[in-house]
Amino acid sequence: MADRLPPELWSHIFDLAADEDTIFYPGLQTSMAQSTWFKSPLRGWTVQTPKDTISIIQRRSYATKKAIIAACRTWRRLGTEFIVRCLFFDDPTKLRHLCDILDRDPSLGWWARRLHITHFLNGRGPRMDDFEKPLIAILRQCPNLEIFIVDLPMSSAFGPIVDTLSMSCRNLRTVHWHVPSELLSKVIWALDTLLNLVAVHLEFAPAIRESDTITLGSAQDVKLKLPHLQQLFLKGFSQDFIEQATGWSLPLLRSFSFDFGSNNVDVPDVIAFLAQHGMTLLFLDLYCIPTLDVRTILDLCPFLATFCFNLDWKISPLPNPDADPDEPEDEAMLPITLTNRPHDHIQHIGLHGLLYAFGVGYAAAYADADPVRTMMVQRTNERNFNALNRVSFPKLERVRVLSPRVLQDLNENDGPAVACFERWERWWEMCTRMRVRLEDCSGGVLGNLPPDPDEEEEYDSEDDEEYEYGTDEEEQEWKGSVSLAELRELLAECRRMSEEGEREQSPFQFFPHPPTF
């Protein structure tokens, strides 16, 4: 049967079966990427983060491709290129094995387009610096590499690795690096040599040396020009990077994400960065504990379609011009406004924080120890949420609670706490009146949780009654060989499903434009 179809058709079928469109998309995941539900035998329903989902997709794709090349010699010959197109390692020690394979057959590296290295031990395993030599040897044999993601911290190995990338991987479009803060100068020089980058994710770990002793040297005065960069994601101690990037040329920057974690001091000057680059942005995601000036930020980014911020921020209200100066008003009684003027383009708003809003999980335990703080945060949530109105955002379509932890806590508690249920109802009614969809991080309606095990069994029994089983004659028809007509129908169905999948909401949809060169 394998010899009755042309190789080009088999390759197309294998391409559809591998389902690698998401894997090879140049944009990196943002906070608006959807989480998914997963039913664990031990813990029941759990929330899988987008990072977990992309790892599962890569493992599933690899399993499919491995089954293809194991079918017969013809499929092995035609499917080998698909095996090496996406190289995913959750154990860096396997890099040495791949290095040996490429040494035996260097032509395989020509097909590699994505290299993703992570570790299932979540930082407790070997260091990336221990695998510098095999990784460099692999990169030298992958001239068509487009996506390079390393979730593990790199230190001394970073310089040699990026030198190899700049010399051997001219088609590189997407990078994800995790480095100590003192390697900022090497990061700048790396970006200076990789001018075709479309998406960059940089995670800066705390400096190993004292920050006062870190100098940029000649990189201090480099004015980078990244003509193709559309997405920039900064996480961790990015103060010095943002200060430098404020003066760079980023003409196509459309998406900017900033995650400062739980740090409370030395917040980068994000507003100065947005003053230079905010005019072109369509997506903006800001997460930090200290409050930022939301009204000024939205003025600097007039064309945003998606805006994510921390709903726990204590945003000051606009001053009342009619107030008596001798009798100052109580700010707690004034309404919050997120904009100085209506923002005509924002359609999607993502909400960080909200751990205290529904009285579940961590907040429920913390409320007993410090009820005053819990009450203050909840009041701040209320005032900020009330500011999400049609007056400030006339085109608003979707409000999404971004924290997977909040959704998991809601599920484990079977919904909001009794004392906080009224808050959820108010927010729901407010969004319904505005015809705005209120979502959780999975993209589902906030409050719609997976069914209990008893309810699920009831649903399964009802579904079983709807199945119709074929007759013996119908089953006999399937025992024969597959005809070409049936293969054509299968191929047409694969195309139809692929087109429908492209029309559905993608977890990477907020990466604004595909790269053009």
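Trainee: Let's start with a cysteine: is Cys-288 buried or exposed?
Mentor: Happy to, and keep in mind that this is a predicted model. A residue counts as buried when its relative accessible area is under 20%. For Cys-288 the relative accessible area is 0%, so this cysteine is buried.

Trainee: And Cys-431, is that one buried or exposed?
Mentor: The same cut-off applies here: under 20% is buried. Cys-431 comes out at 2% relative accessibility, so this residue is buried.

Trainee: How many disulfides does the model hold?
Mentor: A disulfide is a covalent bond between the sulfur atoms of two cysteines. To be counted, a pair of cysteine sulfur atoms must lie within 2.5 Å. By that rule, the number of disulfides is 0.

Trainee: How many of the 5 residues of strand β11 are buried?
Mentor: Take the two faces of β11 in turn. Thr-306, Cys-308 and Asn-310 are buried on one side, and Phe-307 and Phe-309 are buried on the other. The strand, residues 306-310, is therefore largely enclosed by the rest of the structure, and its buried count is 5 of 5.

Trainee: Which residue of β11 is the bridge partner of Asp-285?
Mentor: Strand β10, residues 283-287, pairs with β11 in the parallel sense over 3 bridges. The β11 residue that partners Asp-285 is Cys-308.

Trainee: Which residues have the most contacts inside the largest nonpolar core?
Mentor: In soluble globular proteins, nonpolar side chains tend to be buried together. Here the largest nonpolar core has 107 residues, and those with the most contacts inside it are Phe-148, Trp-177, Phe-241 and Phe-256.

Trainee: Which helix gives the largest share of this core?
Mentor: The largest share comes to 5 residues. Those residues come from the helix spanning 184-193, namely α7.

Trainee: How many residues are in the other core, the one with Ile-13 and Phe-14?
Mentor: This core lies apart from the largest one. Ile-68 and Leu-78 are also among its members, and its residue count is 6.

Trainee: Is Gln-244 buried or exposed?
Mentor: Gln-244 sits in helix α8, residues 239-245. Beyond four places in sequence, it touches Ile-188, Leu-216, Ala-219 and Gln-220. With 9% relative accessibility, against a cut-off of 20%, Gln-244 is therefore buried.

Trainee: What does Thr-374 touch, leaving out residues up to four places away in sequence?
Mentor: Thr-374 lies in helix α12, residues 371-386. At 6% relative accessibility, it counts as buried. The residues it touches are Tyr-356, Tyr-366 and Ala-367.

Trainee: What is the separation between the C-alpha atoms of Tyr-62 and Phe-82?
Mentor: Tyr-62 belongs to helix α2, residues 50-69, and counts as partly exposed at 42% relative accessibility. Tyr-62 and Phe-82 are 20 residues apart along the chain, and their C-alpha atoms are separated by 8.8 Å.

Trainee: Which elements are included in what covers the buried residues of α13?
Mentor: Helix α13, residues 404-412, has Val-406, Leu-407, Gln-408, Asp-409, Leu-410 and Asn-411 buried. The cover over them includes two elements early in the numbering, at 36-40 and 44-48, and others at 362-369 and 398-401. By name, these are β1, β2, α11 and β13.

Trainee: Which backbone nitrogen does the side chain of Ser-403 reach?
Mentor: This contact is at the start of α13. A side-chain oxygen of Ser-403 comes to within 3.2 Å of the backbone nitrogen of Arg-405.

Trainee: What is the relative accessible area of Asp-414?
Mentor: Asp-414 follows α13 and is found in the loop between α13 and α14. Its phi is positive, about 60°, although it is not a glycine. Asp-414 counts as exposed because its relative accessible area is 59%.

Trainee: Where is Arg-435 found?
Mentor: Arg-435 also has a positive phi of about 60° without being a glycine. At 77% relative accessibility it counts as exposed. Its place is the loop between α14 and β14.

Trainee: How many contacts beyond four places in sequence does the model have for residues 459-482?
Mentor: The protein averages a pLDDT of 82, and 81% of the residues score at least 70. Over residues 459-482, though, pLDDT stays under 50. Where pLDDT is low, the predicted coordinates should not be read in detail. With that caution, the contact count for 459-482 is 5.

Trainee: And how many such contacts are there for residues 500-517?
Mentor: pLDDT stays under 50 over this stretch, so the same caution about reading detail applies. The number of contacts for 500-517 is 40.

Methods
Residues numbered from 1 in each chain as written. Predicted model: local features only at pLDDT ≥ 70, side-chain atom pairs only at ≥ 80, totals over all residues. Heavy atoms only, no water. Helix = DSSP H or I, 4+ residues; strand = E, 2+ residues; numbered from the N terminus. Buried < 20%, exposed > 50% of the residue type's maximum accessible area, 1.4 Å probe, protein only. Contact = heavy atoms within 4.5 Å. Polar contact = N/O pair within 3.5 Å; in protein donor to acceptor, adjacent residues only side chain to side chain. Core = buried A, V, L, I, M, F, W, Y, C linked by side-chain atoms within 4.5 Å. pLDDT = per-residue confidence, 0-100. Pairing = 2+ DSSP bridges.
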